[in-house]
Every structure is written in C-alpha cells, then in structure tokens.
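Below are my notes on this model, set out as numbered points. Please read them with the coordinates open.

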Amino acid sequence: MNEASRQVGNARSQPRGQPDRRATEYVVLAEISRIISSTLNIDEIYEQFAQQVALLIPFDRLSISSVDMEAHTVQAVYAVGGDIPGWERGIVHEIVPGGISDILARDRRGLLFRTPAEEEAAGHQPARDLGGDFQTRIAVPLFARSVFVGTLNIRSLQPYAYDENHLAQAERIGAQIAGTIANAFAYGKLEETQRALQNAVTELQRSNQELEQFAYVASHDLQEPLRKIASFCNLLESRYAEQLDDRGNTYLHYIVDGAMRMQALVNDLLLYSRVTTRGKEFLPTKMNDVVQEALANLEVAVGESNAHVTYDPLPQVSGDAGQLARVLQNLIGNALKYRGQEPPRVHVSAEDAGDEWVFSVRDNGIGIAPEYAERIFVIFQRLHTREEYGGTGIGLAVCKKIVERHGGRIWVESQAGAGATFYVSLPKTAE
Ligand code: ADP
C-alpha cells in the first residue's frame with residue numbers, strides 16, 4: 001500500500017510499542033481464521049470477529065456491510081456499538097455515486113478520517129455516512145477473489161483515535177473475513193431463491209388443486225342438466241316428430257346430437273379429474289397381470305379388428321393397478337383404432353433403463369407426424385374429424401395424467417404412415 005496515495009495522509013511516525021501491536025495482530029489474525037473455520041453460524045463469527053478487532057483497534061462502533069454490485073446495493077449485516085440512524089442491520093441502501101461504498105469500490109483501498117471535518121473535506125455524503133457523534137472513522141473495502149463484497153467500518157467517539165497503522169491493520173483483518181462474508185451472502189441469496197421456489201411450488205400446488213376441484217365440480221354438476229336436456233329431446237323426438245316439419249326434425253336432431261356430444265365430453269372431463277381425486281394408493285403391481293386385464297377389456301375390439309397382440313414378460317412396479325390398466329387399454333385400444341390397411345399387430349414390452357422401467361406399445365397403424373407428437377397428449381386435442389375416427393381426445397390426456405401421478409413420463413415416436421410406438425417410463429422403487 002502506497003502511504004502517500006492515501007486520501008488523508010498521515011505524517012505521524014510509527015507509534016511506540018509497534019512490535020507489541022504486530023505480535024497482537026498475528027494472534028488476532030490467527031484467532032479470526034480459527035473462528036471462521038470453527039462455526040457455520042455467521043452471526044457468531046461476526047460477534048467473535050468484533051471481539052478480536054477490539055483487542056487491536058479499540059472502537060465505539062464496528063459494522064460490516066455486504067455489497068451487491070449487481071443490484072448496486074449495500075446493507076449492514078452486522079453492527080455493534082452506537083447506532084447510526086438508517087444504517088441498522090438489514091436496511092438496504094442504494095450505492096450512491098460519491099458515497100463511501102462507491103469510493104471504496106473504485107479506489108480499492110481503505111480510508112481514514114480522523115475528524116468529521118476531514119470526512120466532509122473528502123467530499124462524500126457526510127450527513128448520511130458519518131452518523132451519530134462519531135469522530136474518527138476507518139472504512140476498508142472487502143474483496144473476495146478480487147470482487148468487492150463489502151465494507152468494514154470502525155468508528156471512535158474520539159477525534160484522532162486512529163492512525164495509518166490502524167488503517168493498515170484494518171485492511172489486513174478485513175482481508176481475513178472477506179471470503180466468509182462473500183460466502184454468507186451467497187448462501188443467503190441461495191436461501192432466498194430456495195424460499196421463492198418453495199413458495200412458487202406451494203402456490204402452484206394450491207392453484208392446481210383448485211383447478212382440479214373446479215373441473216370435478218363443473219363436470220359433475222353439468223351431468224344432471226345435460227341428462228335432462230338429452231332425455232327430453234329424446235322424448236320430443238319420439239312423441240312429436242310427426243308434428244314437426246322436416247326442418248324442425250333436423251334441428252331437433254342437431255340438438256340431440258349436440259347434447260350427447262356434450263355428455264361424452266363432460267363424462268370424459270370427470271374421468272380426467274378423477275385420476276387424482278379417485279386415485280388409489282400405490283401397491284406392488286405385476287404389469288403382466290395389468291396387460292392381461294387391459295386385453296380382457298379389449299376382447300371385442302381385438303376380435304373385430306382381427307388384431308394380433310403380443311407381449312413380453314413384464315416387470316413388477318409400484319402403482320395403482322386399475323389406472324395402469326387404463327393406460328395400457330387406451331394405448332392398445334388406440335393401436336387398434338388407428339390401424340392401417342393391414343390387420344393390426346401390437347406388441348407390448350419393457351426395458352430396464354437403470355432407475356426406471358420403460359414400457360412400450362408398438363403398432364403398425366397409420367402413425368403420427370412428428371409435429372403432433374406433443375399435442376396429442378393435451379386434453380380434447382385430436383388429429384381427425386369425428387367422421388373419420390370417433391372419440392373425444394381424452395384417452396392420451398388421461399394416460400399422461402396417470403403416468404405423471406406415478407412419477408413417470410409418456411411420449412411417442414412415430415412417422416406418419418409408419419406405425420407408432422408409445423413409451424411409458426415408470427420409476428423403480430426400493431424393494
Ligand atoms: P381420441 O382417440 O379420442 O381422439 P386420444 O387422446 O386417445 O383421443 O388420441 C389423440 C389423438 O392421437 C388421436 O385423435 C389420434 O390422432 C392420435 N393417436 C393416438 N394413438 C394413435 C396411434 N396408435 N396411431 C396413430 N395416431 C394415434
């Protein structure tokens with residue numbers, strides 16, 4: 001450090017007793033590094049640090065501020081001794097141009113002001129930074145890996161309480177604690193981020209639950225009035241068709257058709273919302289049994305389409321057997337429904353992928369263009385008209401919801417016209 005370049009020069013000679021102070025400084029520095037490595041409690045570190053500094057540089061106030069150069073802010077993270085209004089711990093200040101933090105960041109060396117007048121003469125904001133009745137002040141910048149992370153401020157109520165030697169010592173002591181302050185600050189930021197993340201997750205869970213509740217109530221309560229519309233339309237059709245002209249009958253037909261479609265959609269929505277509200281607890285489940293149940297439910301469709309469905313020996317997983325059967329039933333059912341010219345050939349297998357099982361349902365049907373690979377899993381999304389293929393577009397959405405409830409993923413690999421393979425991953429659980 002170039003003594004002559006200090007903002008406030010000090011012509012005083014080395015104080016007597018220098019060797020003693022050196023010796024004390026070594027002890028203090030050693031003790032500070034011991035304190036830093038002995039506890040993770042940052043407040044305890046600051047506390048003991050201040051006690052050690054007092055052995056070397058008696059003070060009436062010591063404060064440590066952490067600086068966030070990205071946000072351009074500074075805040076006291078520790079203070080002991082008299083108060084400085086507005087500079088209590090935790091109050092965040094913007095770093096003002098020409099203020100002490102700004103000067104320390106720029107000049108990268110400590111400052112010594114032996115009287116308020118000297119500080120005022122230095123030209124930074126004395127009214128705010130000086131504070132209280134303090135007369136002498138040392139302010140040193142703290143650098144961790146050459147990044148400006150904070151300031152150490154030592155104040156005395158006496159004028160001329162400190163000299164250049166105190167300043168140099170404060171700088172060396174500051175260097176000792178800078179890394180710890182930087183770590184504590186980074187840790188605090190991490191905690192803050194984690195807290196924000198946790199809050200966002202909680203909020204998301206809450207709104208998700210609310211949405212599910214809404215879907216359930218809406219679909220459940222819509223059933224009854226819809227049933228009424230459909231049945232009275234049917235009555236109208238059967239009893240009064242002759243009294244209506246052709247146009248009237250066509251209108252009535254549209255109404256019945258619309259009501260029936262809406263019933264199907266509402267039922268599907270209810271089914272969808274019940275994946276979570278009516279889900280059963282997970283039990284050890286043999287996927288061989290599950291595929292057999294799915295095939296038993298599809299017996300008619302398999303027979304009608306002249307399909308050949310095969311499956312490999314499948315592993316056991318932890319899950320809701322009824323829901324997993326629904327997944328396989330929907331996937332195999334689709335393989336039969338979206339068949340090509342040839343009779344459907346469907347194969348179910350499983351692969352060990354480390355910490356999960358990946359099940360697959362492969363078919364030789366019409367396939368799906370890759371650009372639709374995501375969209376087909378969205379509720380009520382379909383690629384065909386009702387005239388081409390019947391359905392509401394709920395099947396894969398339900399599969400996705402069930403699979404995700406089991407902690408897995410579902411996706412498809414396919415090309416238009418070249419068959420499709422649907423994959424379902426399910427996590428392996430501890431035996
Ligand atoms: P739905 O069959 O009622 O339309 P799904 O959610 O089961 O509803 O399927 C969504 C869309 O995905 C279907 O409309 C169809 O276009 C496409 N799809 C699903 N399975 C297959 C398959 N095995 N082969 C080709 N296309 C498929």
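1. Two strands count as paired if DSSP finds at least two bridges between them. Helices (H or I, at least four residues) and strands (E, at least two) are DSSP runs, numbered from the N terminus. The model is a predicted one, in which local features need pLDDT of at least 70 and side-chain atom pairs count only at pLDDT 80 or more, while totals for chains, interfaces and linings use all residues. Residues are numbered from 1 along each chain as its sequence is written, and side-chain values use heavy atoms, with hydrogens and water left out.

2. Strand β5 (residues 136-144) is joined to β6 (residues 147-156) by 9 bridges in the antiparallel sense. The hairpin of β5 and β6 has 2 residues between the strands, and Arg145 there takes a positive phi near 45°. β5 also runs antiparallel to β4 (residues 111-113), with 3 bridges. Ala139 of β5 is opposite Leu111 and also opposite Asn153 in β6. Of the 9 residues of β5, 8 are buried (buried means under 20% relative accessible area, with a 1.4 Å probe and protein chains only).

3. A mixed, open sheet of 5 strands follows the order β8-β10-β11-β13-β12. Its edge strands, each pairing on one side only, are β8 (308-311) and β12 (409-414). On average, neighbouring strands are turned by 15° against each other, direction ignored. Within this sheet, β11 (residues 356-363) and β13 (residues 420-427) are antiparallel and share 7 bridges; Glu356 has Pro427 as its bridge partner in β13.

4. Helix α11 (residues 395-405) packs on the sheet and touches β12 and β13, contact being heavy atoms within 4.5 Å. The direction of α11 makes about 135° with that of β12; axes are lines fitted to C-alpha atoms, for helices over the stretch in contact, and angles run from 0 to 180 degrees between N-to-C directions.

5. Which residues have the most contacts inside the largest nonpolar core? They are Met287, Leu328, Leu331, Ile332, Phe359, Phe422 and Val424, in a core of 40 residues. A nonpolar core is a set of buried Ala, Val, Leu, Ile, Met, Phe, Trp, Tyr and Cys residues joined through side-chain atoms within 4.5 Å. Elements giving two or more residues to this core include α8 (287-297), β10 (345-352) and α11; its largest share, 8 residues, comes from α10.

6. Leaving aside neighbours within four places in sequence, the contacts of Val424 include Val327, Leu331, Phe359, Val403 and Ile410. A second, separate core has 31 residues, among them Tyr46, Val53, Ile177 and Ile181.

Definitions and conventions. Buried means under 20% relative accessible area, exposed over 50%, partly exposed in between (1.4 Å probe, protein chains only).
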